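Trainee: Please take me slowly through one part of this model, from its outline down to the pairing of its strands, and then show me what it touches.

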Amino acid sequence: MSLTPAELSSSVAGGIGASPQRPDGNLKVRGEFAYASDLWHEDMIWGSTLRSPHPYARIVSIDLTEALKVPGVHAVLTHQDVPGSNLYGLEHKDQPVLAVDVVRYQGEAVALVGADHPETATRAMKRIKVEYEVLEPVVDMETAADDTPLHPGGNLVRHVPIRRGDQSPTADVVVSGRYEVGMQDQAFLGPESGLAVPAEDGGVDLYIATQWLHVDQGQVASALGMPLDKVRLTLSGVGGAFGGREDLSMQVHACMLALHTRKPVKMVYNREESFYGHVHRHPAVLHYEHGATRDGKLVYVKARIFLDGGAYASSTGAVVANAATLGVGPYEVDNVTIDCYGLYTNNPPCGAMRGFGAVQAGFAYESQMDKLAEKLGLDPVDVRIANAMTEGSVMPTGQVVDSAAPVAQLLKLVKDKPLPPVSTTLDLRSMPGGVSNTTHGEGVVRGIGYAVGIKNVCFSEGYDDYSTARVRVQVIGGELVALAHTAACEVGQGLVTIMQQIVRTELGVQRVTILPMDTSIGNGGSTSASRQTYVTGGAVKAACAAVRDKLTKLAGGRELSEVDLADLVGDDVIDETVEWRHRATEPLDPETGQGNAHVQYGFAAHRAVVDVDVELGLVKVVELDCAQDVGNALNPQAVLGQIQGGSAQGLGLAVMEEIQTVGGKVRNPSFTDYLIPTVLDMPPMSIDVLELADPNAPYGVRGVGEPPTISSTPAVVAAIRAATGLALTRVPVRPEHITQT
Amino acid sequence: MRVNVTVNGEQRQADDVWEGESLLFVLRERLGLPGSKNACEQGECGSCTVYLDDVPVCACLVAAGQVQDREVRTVEGLADGDRLDPVQEAFVEAGAVQCGFCTPGLVVAAHDLLERVPQPSDPEIREALAGNLCRCTGYEKILDAVRLAAARR
């Protein structure tokens, strides 16, 4: 049966605004969805990676002799076996595929083993003799710039200054503080994995879990010394990402082993290796000074922000720009002086994680707003509302916010929600400490905290940010069906569902097949910066429009709504590919940080209610409510899923999540010691979703994924402060910070 | 060594198993059942939860040799042909699946809960799923899914 567009616009199910089931949902609940770690190939061998035990050391010698003797070992490779360039990186090519004469962080890849069983590979790795001369690591981000240079250009990766208005302002009231943010891990559940298959043309096919196929392809081809068309990537099932898959992990390594042994090679990190195998959220030290009038209007903000990039740059430069440009938060401030620095150290490399620089700044500026409110004796929400930016406000970069910025409204929404009752029954499960039976209510104090945050959406600073989409329609079995193809990575967020919804709405075709994402089509851009619904969604919408133009021509003057589309298409195949860009941005002025650097801004606000056992320092988050503007909820269920999941990660940073390092060494690379929220830690959420369309964006959408991660953390900490009266200037807040022992 | 085990009602045999291998490895790499997931391989995340003689266990913590002549039921064994188990159906409908890597373990854990406690309270659901980590959803829609599956019983 075929339908006309007029009928379809009202009758086709699962278009935009609905919440149809995910096309991969059934496979995922049946255990039949093929994640990268599930791949299998006849005759495949296993690859593994020997890593540096030292944060900083010179490699004196590497002896492979004994490893090569282990039965079942097919190859043992070092930097000498890298066929092309041994250096790669997202912004700076500063990271070796395999270490040459120095290792700059604990966990840096030194050698590779290919063997018939993972255990064989492990045994062979233990027989590789690497002699190190251990060096004194650089670990303090605040002094790193003047410490031993770890790279030829020194240890400053990037400095972004922001200068706006009066640079010597004075104010009635001044509050200042030093804040710290610990190193958070993305902790996606699906470990880094992939399968590299050597091809008959001398190239390689790589099946991989990643966030950006084309940027991987370029880096892998460069390291292998091959043209792009010899390195073909196909996305396999991705078990979460959150920024941690923007950089290469095992991509080049697996391809090297496959090309060397002429066998398919599977690599799967275990959880410990995963902690060493991807970048983390930058730890930060943030010095802030806020000046305000007696009635709470901000006069100026001054900040010095340090972000620890670790051993290699990754995306540190862009993280620095975000922390700087979003450094005062969603507030109107006429006079701003910010200096934000990203540094090299011998700590684990840091790069992208959900929130990307805005999280670190958000904890500091929201802590400052609470401090200001307290000093003035004002309500913390009132102080925020008095300074809240609106559409038309000017950012510290001089950029005018040209679509909805409902900051005050979001704050009011969370403030006006009914409060959860104080538990009157003695149910241990509702107590801090839970069934550990640490309290029956004695020493438990309730606190309430608020926060609001701002995040840029899409890539910034003049980056040519686009996506490519191909849409094809044809008649199969008498029914008009559509197929959509991009290289934009589905990592769990539901892009595949959104693509189907857009095609249904634009073409009125019920059955929409999403082709596997791969590099046979043009760049889809990164699944990051909350950008895929906006940019790849925009590309799919534009490709559908191109298909519609073709259909209109076929219709020869008849309205499409008046023809039977299946009849119209007949035996033809209509196949259109479109590259779609969002509006251009500009670089920041390197001296003043001025410029229209961002595409769009997203906002979310949270209210946290906590119960704190002040004697033991245990925190139970009782409720975590959120209000967020999403422009247009193309899939309301998925929007809520993003807000809930993002808020949970913010809660994690507030009270439990930190990769702890001592002298550059990671102390807790496991889920036993690096804790993420469980279902017992995550409270119920009441969520308000605003849909204030952005006229510049396809369907008016506003990026959803990151804003809730930003305001969740400071709201929870504000609530703990309210319960305890403590300053709490560092996240995660640990029990000993509360008990002060 | 050789391991004989009943998996999802079928008698299976795995050869050349190294003594140090886990049940999880045997299921995933030797028996073609990668549904049980390998997120931590130390019993913290619950992604590899399977029934061993009707008791849910982390397959990563069970040595392959321990399952000799016993019965294992994995996430692949819950659906009845094309018909999903009600728990699986509820997970899809409620939006409890994002990346889905935790889903097989959570589906088995929720299935076990509802077998034992057909109408669980919220605190009971939370306790039953406390051993299963999810990084995408914030758990809200997983709770919705379990409530939905319970309501349909």
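Mentor: The account below starts with domain 1 of chain A and then passes to the domain 3 side.

This is a predicted model, in which local features need pLDDT of at least 70 and side-chain atom pairs count only at pLDDT 80 or more, while totals for chains, interfaces and linings use all residues. Residues are numbered from 1 along each chain as its sequence is written, with chains lettered from A and ligands numbered from 1 in the order in which they are written.

Chain A is divided, by an automatic or database domain assignment, into domain 1 (5-32 + 466-581), domain 2 (37-135 + 191-238 + 245-277) and domain 3 (280-460 + 589-739), so domain 1 is your starting point and is written as two segments.

Look now at the open sheet of four strands, whose order is S23-S22-S21-S24 of chain A and whose pairing is mixed (strands, E, at least two residues, and helices, H or I, at least four, are DSSP runs numbered from the N terminus; strands pair if DSSP finds at least two bridges between them). At its edges stand strand S23 (512-514) and strand S24 (574-581) of chain A, each of which pairs on one side only, and from one strand to the next the twist averages 20°. Within this sheet, strand S21 (residues 466-476) and strand S22 (residues 479-486) of chain A run antiparallel and are joined by eight bridges, and A:Gln474 faces A:Val481 of S22(A) across that pairing.

Two helices lie against these strands. H12(A) packs on the sheet and touches S21, S22 and S23 of chain A, its direction making about 145° with that of S23(A), whereas H13(A) lies across S21, S22 and S24 of chain A and runs at about 140° to S24(A) (axes are lines fitted to C-alpha atoms, for helices over the stretch in contact, and angles run from 0 to 180 degrees between N-to-C directions).

The same two helices return at the boundary with domain 3 of chain A, since helix H12 (495-507) and helix H13 (532-555) of chain A are the elements that give two or more residues to the side of domain 1 that touches domain 3. H13(A) supplies the largest share of that side, six residues. Altogether, 18 residues of domain 1 of chain A are in contact (C-beta atoms, placed from the backbone, within 7 Å) with 21 residues of domain 3 of chain A, and the C-alpha centres of the two domains lie 36 Å apart.

Beyond that boundary, consider strand S25 (residues 600-613) of chain A, where 14 of the 14 residues are buried (20 or more other C-beta atoms within 10 Å), so the strand is largely enclosed by the rest of the structure. Both of its faces are covered, with A:Gln600, A:His606 and A:Val612 among the buried residues on one side, and A:Tyr601, A:Arg607 and A:Asp613 among those on the other. Strand S20 (residues 444-457) of chain A runs antiparallel to S25(A) and is joined to it by 14 bridges, A:Val457 standing opposite A:Gln600. S25(A) also pairs in the antiparallel sense with strand S26 (residues 618-629) of chain A, over ten bridges, where A:Val610 has A:Val621 of S26(A) as its bridge partner. Four residues separate S25(A) and S26(A) in their hairpin, in which A:Gly617 takes a positive phi near 75°.

Methods:
Buried ≥ 20, exposed ≤ 12 C-beta atoms within 10 Å, placed from the backbone.
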